[in-house]
Amino acid sequence: MRGTMTVIDKGPVRIHSYMAPDDSLNVTTQLIETPGRIVAVDAQYALAYADEVAAYARGLGKPLDRLIVTHAHPDHFHGAARFGVPVHALPAVRDQIVAQGDGQDPTGAVIPVTDVTPTVAVASGTEVIDGVTFVFEPVSGGEAADSLVTWLPEQGVLVAQDLVYHQVHLFLGNNDIPGWQEAVEKLAAETSYDTILTGHGLPAGSEVFEELRRYLADARRLLADHGAEYKDAIVERYPSYRSPLLIDIGSQYLFGGER
């Protein structure tokens with residue numbers, strides 16, 4: 001396996017958290033294994049890694065129930081068709097995916113938007129899946145314009161995805177650090193959760209919120225002070241963090257491709 005799989009036992013639920021290698025931004029797919037089925041969250045950027053995690057899911061010997069796409073960034077939905085199940089998303093996220101049109105895999109293969117468009121709308125609130133309580137909460141602003149947070153209250157699991165990164169450089173192209181800081185404070189206030197599943201990086205505990213607070217505060221200050229030289233400044237501050245390419249991608253939105 002080229003990616004990294006972390007398995008966490010939570011009683012009747014087992015979490016399989018797949019992190020892609022550095023060459024694919026350390027993006028994560030979460031496989032939530034209930035007693036009788038598997039719920040997948042986010043679908044990878046590179047089709048090869050989507051194939052790898054989908055094959056792993058099938059190897060667990062339980063049917064894949066659905067794929068939930070949390071937000072409309074291609075690194076989280078490009079591989080959706082590889083899972084072969086209905087794709088669920090917030091209506092706003094579905095509309096944003098459709099508006100982007102066809103995508104492209106790193107190999108150059110075209111990814112038709114019709115293959116990855118969600119077909120089932122996720123509603124805010126509680127749904128019991130195979131006896132396990134899932135709480136779905138839409139969040140506006142932050143890393144993406146709209147995103148979905150999923151809570152498993154009985155297991156103490158927060159599926160935060162791209163509202164929380166773990167020792168990976170942040171994508172700031174949505175240009176909403178204040179909104180992200182506000183979202184982090186709301187997530188951190190829910191202290192009954194001890195397992196945080198992140199959108200980029202390995203699973204974490206509640207300590208990840210302080211790390212994220214510090215990075216966001218530094219990013220906000222360094223962007224104001226250094227502008228297009230921001231990458232040099234933030235990498236110097238966080239030299240051990242992975243996926244500096246995420247800084248370059250964000251800078252294309254912030255500075256029109258300048259560095």
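Q: Is the crossing of H4 and H5 left-handed or right-handed?
A: Heads up: this is a predicted model, where local features need pLDDT of at least 70, side-chain atom pairs count only at pLDDT 80 or more, and totals for chains, interfaces and linings use all residues. Residues are numbered from 1 along each chain as its sequence is written, and side-chain values use heavy atoms, leaving out hydrogens and water. A crossing is left-handed if the near helix is turned anticlockwise from the far one by less than a right angle, and right-handed if clockwise. For H4 and H5, the crossing is left-handed.

Q: How do the directions of H4 and H5 compare: roughly parallel or roughly antiparallel?
A: Helices are DSSP runs (H or I, at least four residues), numbered from the N terminus. The axes of H4 (residues 177–188) and H5 (residues 208–226) come within 10 Å and cross at roughly 165° (lines fitted to C-alpha atoms over the stretch in contact, with angles from 0 to 180 degrees between N-to-C directions). Over 145 degrees counts as roughly antiparallel, so H4 is to H5 roughly antiparallel.

Q: How many residues of the contact of H4 with H5 are nonpolar?
A: Contact means heavy atoms within 4.5 Å. Trp 180 and Val 184 are among the H4 residues that meet H5, whose side includes Leu 212 and Leu 216. Ala, Val, Leu, Ile, Met, Phe, Trp, Tyr, Cys and Pro count as nonpolar, Asp, Glu, Lys and Arg as charged, and the others, Gly among them, as polar. Here one residue is polar and three are charged, while the nonpolar ones number twelve.

Q: Which parts does the pair of Tyr 215 and Tyr 238 tie together?
A: Seven aromatic pairs turn up in the structure (ring centres of Phe, Tyr or Trp, its six-membered ring, within 6.5 Å). Tyr 215 and Tyr 238 sit 4.7 Å centre to centre with 35° between the planes, making the pair tilted (under 30 degrees would be stacked, over 60 edge-to-face). These parts are 23 residues apart in sequence: Tyr 215 lies in helix H5, and Tyr 238 in the loop between helix H6 (230–237) and helix H7 (245–255).

Q: Which are the edge strands of the sheet E1-E2-E3-E4-E5-E6-E9?
A: Strands are DSSP runs (E, at least two residues), and two of them pair if DSSP finds at least two bridges between them. This open sheet has seven strands with mixed pairing; inside, E5 and E6 pair in the parallel sense over two bridges. The strands that pair on one side only are E1 (4–10) and E9 (120–121).

Q: What is the bridge partner of Val 139 in E12?
A: An open sheet of five strands has the order E10-E11-E12-E13-E14. In that sheet, E11 (residues 132–140) and E12 (residues 146–152) run antiparallel, joined by six bridges. Val 139 has as its partner in E12 Ser 147.

How values were computed: Angles under 35 degrees count as roughly parallel, over 145 as roughly antiparallel, 65 to 115 as roughly perpendicular and the rest as oblique.
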